[in-house]
Amino acid sequence: FQMSVSSGSSLCGDDDHDLLGNDEEDLDFYAILNVPTDATHDEITKAYRKRCLIFHPDRHTDDNDKRAAEKIFVQLKRAHETLMDPKQRAIYDALGVQGLDQHGWQLVSRSENPDNIRREYEFLQRLKERELMLQRTHPTSGFHVKTSLAGLFAKNPDYRYGPQFISIGISQGVDCPLTQSDRVGLVGRVRAGNGRGDGSVSAVWKRSTANWHLENTVTVSADTLHWTGRAGRNLSPRSTIILQPSLQWYPLQQMCNPAVALIFSHQLRRNWQGSIILSASPTNSALTTNILHTENNQPKALCNIALSPSNPHLRLVYFTRQPTSDSVTEMAVTISPFGIAPSIQAERRLSRFTRVGVSLAFAFPSCTLTAKFKARAGGASYEWSIVLCDDKDELSRSALYGVALPYCVFQIGRVVFRPWIEKLTTLFDDPMAEGQVDAAKAEESERIISLMRPTAERIAREEEEKKGIVIVEAKYGQTDPLGSRSYPVMGDRSIDVTVPLQSMVHDSQLRVFSVKSQLPGFHDPAPGFPKVLMVKYRFRDEPHAVCIPDDMPLTIPLRSHRLTMDNGR
């Protein structure tokens, strides 16, 4: 066979691709047809025909409506053709739309035998996967500087001294696939401090199979050779066990220090995860218990208890999030026989690929006060640690001049120089491009809703006559941070989707299987944030309401949605 590069697709013509546009790779064929991922051919065909009754171009006379309907119709046609072909459907399920298009590679076969064509296609698929695999490397880098300003806050002028440089560290790493199940990585680190320098090089090999995840790491430094292994397996959908042996060898002392850790993790409840870690070595052993509470698939609270002869401790962590600014605040405290160490850390998004953060940590009774500034851009991270106090006699002055005063100056500066600060932040990101994309998608959704409105009004009248489902109000948008996954709450940024949902009602039933933003008439009003779907409807002349996270299917009517006099409004 022969291979050639072409911008067309093997499934759609050039005109169809013009209508699909640049967002083709983001299409979800199951969402467009609103069928589950295990739908049968009959279910797919039935859903396709129902959609065509609304979006067939011949059913519209206005030029703008016809153009909008034609675009949706092309998407429906391609979704139907792909999901009805077992081979194409398997490729789409595994690789998505890009697997079907081969990123522009077109196969021209000289054979009319379907088996030969399929083999040629699979060969081309493997060839393209190999090309893409070589590009999927993940370079990372880190830069860390530690300084001390403790001498600036001494009460006695005779004991004051200038800033001190303590240490500097640099790391570079790369992680890339070797095969479909194997990955290799290389990490190098160097550090200099107090007139001395050291470094290390680590090689990592990972393998993931259907049942096991294996990992081996070998680290070589000036005076040690360290090997760590890791083998993990899912015992059940809710339980995981990990075995982690390690061996550290000191060539100069001719000493060997073996160790092993056993980790068992289990999902206790829907939003609770527990784990037990047992580690043992000739020099130290420990038993650690972790209990993690999550909310919207993000950590909310953590309790860590470690029983060890050398360092027993209790660590409590609590997280708060602000979705509007994409910021996270972490409050933690560590309690041990040697003292107590509270800390607070705040991090927020500066641009699409950049995050900045600041933290403050205190240790008692050593009275060490440390501030840290962090910045992450892509795979690179930068850290600057500052020791503000290391003497209990100077703690109050260090807290006043090193923490309170800079914080007040910062807050005053934010107010006074707010226009300049906002102008400076635009250098890191271009919100105009995102706004234009969102405006275009919102305009497209409005055109689609206008096409669906006659069908929705007809279905609403029919359902009203037989006391079926009548959608009173439906909104899709950002999740309010005050809610939880069990009780989600609608936030500020949302869109009205009453018409699209009403047009999907059939025989007094409505089912939505996939992520909602891909449904016709929907768009994402809050990219990058968790979203919910809130629906108020009448069934048998009784009010009903439901609010669910974006990744959960929707089925109405349900008895649990019915509003009583106690919870209705």
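Start with the largest cavity in this predicted model, which has a volume of about 40 Å³. To display its lining, select Glu464, Lys467, Gly468, Val470, Arg538, Phe539, Arg540 and Asp541. Coloured by class, that selection shows five charged residues, two nonpolar and one polar. How many cavities of 30 Å³ or more does a search of the whole structure find? The search finds one. Rolling a probe the size of a water molecule over the atoms is what shows where empty space is left.

Next, turn to the second largest pocket. Its volume is about 900 Å³, and 31 residues line it. Select Lys50, Ser503, Met504, Val505 and His506, the lining residues that lie nearest the centre of this pocket. Then show the elements that give two or more residues to the lining: H3, H10 and strand S22 (510-512). Which element gives the most to the lining of this pocket? Helix H10 does, with eight residues. By class, the lining of the second largest pocket divides into 13 nonpolar, 11 charged and seven polar residues.

Stay on helix H10 and select Thr455, which has its place there. Is Thr455 buried or exposed? Thr455 counts as buried because its relative accessibility is 14%, and the cut-off for buried is under 20%. Leaving aside neighbours within four places in sequence, the contacts of Thr455 are Ile54 and Ser503. Ser503 was also in the previous selection, as one of the residues nearest the centre of the second largest pocket.

Now move to the largest nonpolar core, a set of 28 residues. Select Phe29, Leu33, Phe55, Leu76 and Leu83, which have the most contacts inside this core. Four elements each give two or more residues to the core: helix H2 (29-33), helix H3 (41-55), helix H4 (63-84) and helix H10 (431-465). The largest share, seven residues, comes from H4. In soluble globular proteins, nonpolar side chains tend to be buried together.

Centre the view on Leu76 and show its surroundings. Which residues does Leu76 touch, not counting those up to four places away in sequence? They are Ile32, Leu33, Tyr48, Arg51, Cys52 and Phe55. Two of these, Leu33 and Phe55, also belong to the group with the most contacts inside the core.

Apart from the largest core lies another, of 22 residues. For a sample of this second set, select Ile459, Leu519, Phe522 and Ile556, which are among its members.

The next stop is Ala192, found in strand S5 (residues 182-193). At 33% relative accessibility, Ala192 counts as partly exposed, so the value lies between the cut-offs of 20% and 50%. Add Gly169 to the selection: its C-alpha atom is separated by 6.5 Å from that of Ala192, although the two residues are 23 apart along the chain. With residues up to four places away in sequence left out, Ala192 touches Ile166, Ser167, Ile168 and Gly197.

Finally, select the whole protein chain. The secondary structure consists of 11 helices and 25 strands. Of the 569 residues, 34% are buried. Among contacts with a separation of 6 or more, residues 24 or more positions apart account for 45%. With the surface switched on, the chain exposes about 33,800 Å², and carbon and sulfur atoms supply 57% of that area.

Key: Residues are numbered from 1 along each chain as its sequence is written. This is a predicted model: local features need pLDDT of at least 70, side-chain atom pairs count only at pLDDT 80 or more; totals for chains, interfaces and linings use all residues. Side-chain values use heavy atoms; hydrogens and water are left out. On a 1 Å grid over the protein atoms alone, a cavity is a set of points where a 1.4 Å probe fits but cannot get out, and a pocket is an open set with protein on both sides within 12 Å along at least five of seven lines; lining residues have an atom within 4 Å of a point. Grid points are joined across faces, edges and corners, and a volume is the space filled by probe spheres set on the points. Ala, Val, Leu, Ile, Met, Phe, Trp, Tyr, Cys and Pro count as nonpolar, Asp, Glu, Lys and Arg as charged, and the others, Gly among them, as polar. Buried means under 20% relative accessible area, exposed over 50%, partly exposed in between (1.4 Å probe, protein chains only). Contact means heavy atoms within 4.5 Å. Accessible areas come from the Shrake-Rupley method with a 1.4 Å probe; for residues, only the protein chains shown count as cover. A nonpolar core is a set of buried Ala, Val, Leu, Ile, Met, Phe, Trp, Tyr and Cys residues joined through side-chain atoms within 4.5 Å.
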